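User: I would like to learn how to read a protein model. Can we go through it feature by feature?

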Amino acid sequence: MAEALAEARRAAGEGEVPIGAVVAFEGRVVGRGRNARERLADPTAHAEILALQEAARALGRWRLTGATLYATLEPCPMCAGALVNARIDRLVYAVADPKAGAAGTLFDIPRDARLNHRVQVEAGVLAEECGQVLTDFFRARRK
């Protein structure tokens, strides 16, 4: 999660909402992402999507079984769906998202038994630190 937090801080430095994600496989980071919607003018350029894309390229396959995605904020419906489609084994996130969270807060896409794959979910890892980065970013934007 510390690596995802570093990505979130990079995003903040670029003027993006500070959300970061990394994909780990067999003890090493194989994909990194940070929000880049503003920079890329792309509504799908969420940290999780970019980390999944990089991981797929690094591993040479779209099925990311055996991998864990770490995210500083609970994934939205798009990103949660991408985790299922990528066959990620595990999601670990820091902060719940009451406005768009789709991994247990508003929806629970990763664990929905109606889907063809389920993702193990763990929440609250480094929540205070990741939450503070978001709080500081939005406080500064309101000034």
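User: What share of the 143 residues in the protein is buried?

Analyst: A residue is called buried when under 20% of its relative area is accessible. In this predicted model, buried residues make up 48% of the 143 residues. The accessible surface comes to about 7200 Å², and carbon and sulfur atoms hold 50% of that surface.

User: How do I judge the overall form, and what radius of gyration would a compact globule with 143 residues have?

Analyst: The general idea is to compare the model with a rule based on chain length. For 143 residues, a compact globule would have a radius of gyration near 15 Å, and the protein has 14 Å, so the two agree. Along the principal axes, the C-alpha trace spans about 45 × 30 × 30 Å. Contacts add to this: among those with a separation of 6 or more, 55% are between residues 24 or more positions apart.

User: Which pattern do the helices and strands follow along the sequence?

Analyst: There are five helices and five strands. Their order along the sequence is α-β-β-α-α-β-α-β-β-α.

User: Take one strand, S1. How many of its residues are buried?

Analyst: With a strand, look at which way the residues point. Gly 20, Val 22 and Ala 24 point one way from S1, while Ala 21, Val 23 and Phe 25 point the other way. Six of the six residues in S1 are buried, and the strand is mostly covered.

User: In which sense do S1 and S2 pair, and over how many bridges?

Analyst: For pairing, check the direction and the bridges. S1 and S2 are antiparallel, with six bridges; in one of these, Val 22 is partnered by Arg 32 of S2. The two strands form a hairpin with two residues between them, and Glu 26 in the turn has a positive phi of about 50°. S1 also runs antiparallel to S3, joined by five bridges. There, Ala 21 stands opposite Ala 71.

User: Now helix H3. How far apart should its ends be?

Analyst: Count 1.5 Å a residue, over one less than the number of residues. The 13 residues of H3, 47-59, should therefore span 18 Å, and the end C-alpha atoms are indeed 18 Å apart. Just after the helix, Gly 60 takes a positive phi of about 70°.

User: Which residues of H3 are buried, and what covers them?

Analyst: The buried residues of H3 are Ala 47, Glu 48, Ile 49, Leu 50, Ala 51, Leu 52, Ala 55 and Leu 59. Their cover includes strands S1 (20-25), S2 (28-34) and S3 (67-73), together with helix H4 (77-85).

Note on methods. Residues numbered from 1 in each chain as written. Predicted model: local features only at pLDDT ≥ 70, side-chain atom pairs only at ≥ 80, totals over all residues. Heavy atoms only, no water. Helix = DSSP H or I, 4+ residues; strand = E, 2+ residues; numbered from the N terminus. Buried < 20%, exposed > 50% of the residue type's maximum accessible area, 1.4 Å probe, protein only. Contact = heavy atoms within 4.5 Å. Pairing = 2+ DSSP bridges. Rg over C-alpha atoms; globule rule 2.2 N^0.38 Å. Areas by Shrake-Rupley, 256 points an atom, 1.4 Å probe, with all protein chains shown as cover.
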